[in-house]
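Please walk me through this structure, moving from its strands to its ligand, and explain what can be read from the atoms.

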Amino acid sequence: METLGAIIGVFVLTILLKWRFDPLYSIPAIGPSFPVLSYIGAYRYCTNTRAVLEEGYSKYNVFKVAMLDQWLVVVSGADLNEELSKVPESYATSHKAAQDLSQLRYTFSESVADQPIHVTTIRGPLTKNLGIIFDDVVDEVHAAFADTIGSKMQGDDWISIAPMTVMSVIISRASNRVFVGLPLCRNEDYLNIVRGFTFDALNARFILSLFPKSMKGIIGPFIPWARRATRKASVYIRPIIEDRINKLRELGEKWADKPKDYITWAMEEAEREGQPTQVVIESLMFANFAAIHTSSKSMTQALYHLAECPVLAAPLREEVEEVIRDHGWTKVAMSKMWKLDSFMRESQRFNGITHIAIMRKTSQDTTLSDGTVIPAETLVAGASTATHHDARNYENPTVFDPFRFANMRAEDDAHIKHQFVSTSPGYVAFGHGKYACPGRFFAVNELKVMMAYILLHYDVKFKPGQERPENSSRWHVVVPGHADVLFKKRLPVPA
Ligand code: HEM
């Protein structure tokens, strides 16, 4: 009995010493930090993320929140967001943070974790060729709306749609027009595979977040979704890649109409890096994940704002009609739609797709300007939703003001910094700094084309008595609530 008491005593003492001398001890915790009790904090953070982060943000410059397998250190305020985004690579990296938070090798593939050619492909050729691919995006958005919504309309009756589902169908088509081109971007089986993969990857990430670090490597390989989806998608993608390899061999530089799409650019990137075809396929799957769930949620949130306040359509529509009349469906036209841009940016400020941004993992002790030392091997991030609702950054931050940014642009010579695509320490919906979302230039154009199309072709509202559904969260991932939105054909339909 005495021996057992001694063993328990040593065990408790060891835990207490470990807790007291943990390098993170001096960073205040939101919720209990004591061993075992910290799981209560983790449960609260998982289910009530926004409130937990806002509590920390209002109290401390730097604080920590418990996850099940580690602490996440969070910095408060625009200044520290800026500082975090500039921490040198030798101190903290974004890629290691993504590995930890998303468990890339199990939720996606080894190559996404170790040879991320998707980032260079998206940041480089995809973004540089936006002008060239723009007409295709417009064409696909128009065709996809006509197929998914237009075809269901009879006369001027209202029809009810589930926004997240329908937006993800349209976004997967428009994105894949640029990723893989026609006709595959309209193949329902292929689209179901990449859409299913996107949402399965989010589920896989959530499941792995429930296990301690030591278990992730054991559980991870048993999660089959990514391998299964990649195998099924390969049936469609591999022959396209092989055909292009053959044509390149045959025609080389003389191949005049070489497709300008993600597959071509990723193949070139893979060749430069000495990577096989499989890496191209896996990078395409990740590009689909990165594009589909983010843009579908963003579009759904903006639609909810429009359905909640249908009078908002009039000024937006007036702008879209005028600009399209003068400039057609062009990239230049999109840049001239300040009100639409502002509305989409405000929707993103208000809702976001994640409550944290600028994720980093330290590789050595890192001292911030306020003196806080973040120990090596710590996850650290900025609190995006709290930053976006901080009165130091925005007037009346809790009010949804659709033309907030258009008004700011009108008053500022450097107006470009208030456009949807621009990041700043106070606007981190796409992250900020070197590792900000590389797909945001593509996403912003795609979303604006979609919203402009909706404004010109449909009236939108909620059913009587239906209010905008509340967002919820799973850890820091923002999940839009569900409510059907009613659509009606606008008559007369514009030319
Ligand atoms: C409205 C739509 C989108 C939103 C809100 C969004 C948001 C984000 C955010 C917050 C990050 C993390 C940056 C950070 O916190 O430091 C990110 C990373 C990323 N995004 Fe997006 N994104 C969107 C669309 C897209 C699209 C369409 C693509 C691809 C074409 C894409 C590709 C990526 C990639 C590859 C990364 C990882 C970058 C890296 O590891 O360096 N995103 N995005």
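Which residues of strand S9 (residues 458–461) lie on the covered face, and which on the uncovered one? In this predicted model, Tyr-458 and Val-460 make up the covered face of S9, whereas Asp-459 and Lys-461 make up the uncovered one. This can be set beside a general rule, that in a regular strand the side chains alternate between the two faces of the sheet. S9 is joined by four bridges to strand S12 (residues 485–489), and the two run antiparallel; within S12, Phe-487 is the bridge partner of Val-460.

Another set of strands forms an open sheet, in which five strands follow the order S1-S2-S8-S5-S3 with mixed pairing. Strand S1 (62–66) and strand S3 (92–93) stand at the edges with a single partner strand each, so one side of each is left without a neighbour in the sheet. S1 pairs with S2 in the antiparallel sense over five bridges, with Val-62 standing opposite Val-75 in S2, and these two strands form a hairpin that has four residues between them. On the other hand, strand S2 (residues 71–75) and strand S8 (residues 379–383) pair in the parallel sense, over four bridges, and Leu-379 in S8 is the bridge partner of Leu-72.

The surroundings of S2 deserve a separate remark. Five of the five residues of S2 are buried, so this strand is largely enclosed by the rest of the structure. Trp-71, Val-73 and Val-75 point one way from S2, while Leu-72 and Val-74 point the other way, and all are buried.

Helix H5 (residues 94–102) can be read from its beginning to what follows it. At the N-terminal end of H5, Thr-93 acts as a cap, with a side-chain oxygen that lies 3.3 Å from the backbone nitrogen of Lys-96. Among the buried residues of H5 are Ser-94, Ala-97, Asp-100 and Leu-101. After H5 comes Gln-103, whose phi is positive, near 50°.

We can now turn to the ligand, beginning with its iron atom. The only protein donor of that iron is Cys-437, through its SG atom at 2.3 Å, and Cys-437 is placed in the loop between helix H20 (404–410) and helix H21 (440–457). Of the 24 residues around the ligand, those that come nearest are Thr-294, Ser-298, Gln-348, Ile-358 and Cys-437. For Ile-358, a backbone N or O atom lies 2.8 Å from an oxygen atom of the ligand.

Several elements contribute to the shell around the ligand: helix H8 (117–128), helix H15 (277–308), strand S5 (356–362) and H21 each supply at least two of its residues. H15 gives the most, with six residues. In character, the residues of the shell divide into 17 nonpolar, seven polar and no charged.

Other cysteines can be considered next. A search of the whole structure finds zero disulfides. Cys-185 has 0% relative accessibility and therefore counts as buried, whereas Cys-309, at 33% relative accessibility, counts as partly exposed.

Finally, Leu-24 is placed in the loop between helix H1 (2–20) and helix H2 (38–47). Leu-24 is buried, because its relative accessible area is 9%, which is under the 20% limit. The C-alpha atoms of Leu-24 and Ser-422 are separated by 34 Å, and the two residues are 398 residues apart along the chain.

Technical notes
Residues numbered from 1 in each chain as written. Predicted model: local features only at pLDDT ≥ 70, side-chain atom pairs only at ≥ 80, totals over all residues. Heavy atoms only, no water. Donors = N, O, S within 2.8 Å, 3.2 Å for Na, K, Ca; no water. Near = heavy atom within 4 Å. Polar contact = N/O pair within 3.5 Å; in protein donor to acceptor, adjacent residues only side chain to side chain. Nonpolar A, V, L, I, M, F, W, Y, C, P; charged D, E, K, R; others polar. Buried < 20%, exposed > 50% of the residue type's maximum accessible area, 1.4 Å probe, protein only. Pairing = 2+ DSSP bridges. Disulfide = S-S within 2.5 Å.
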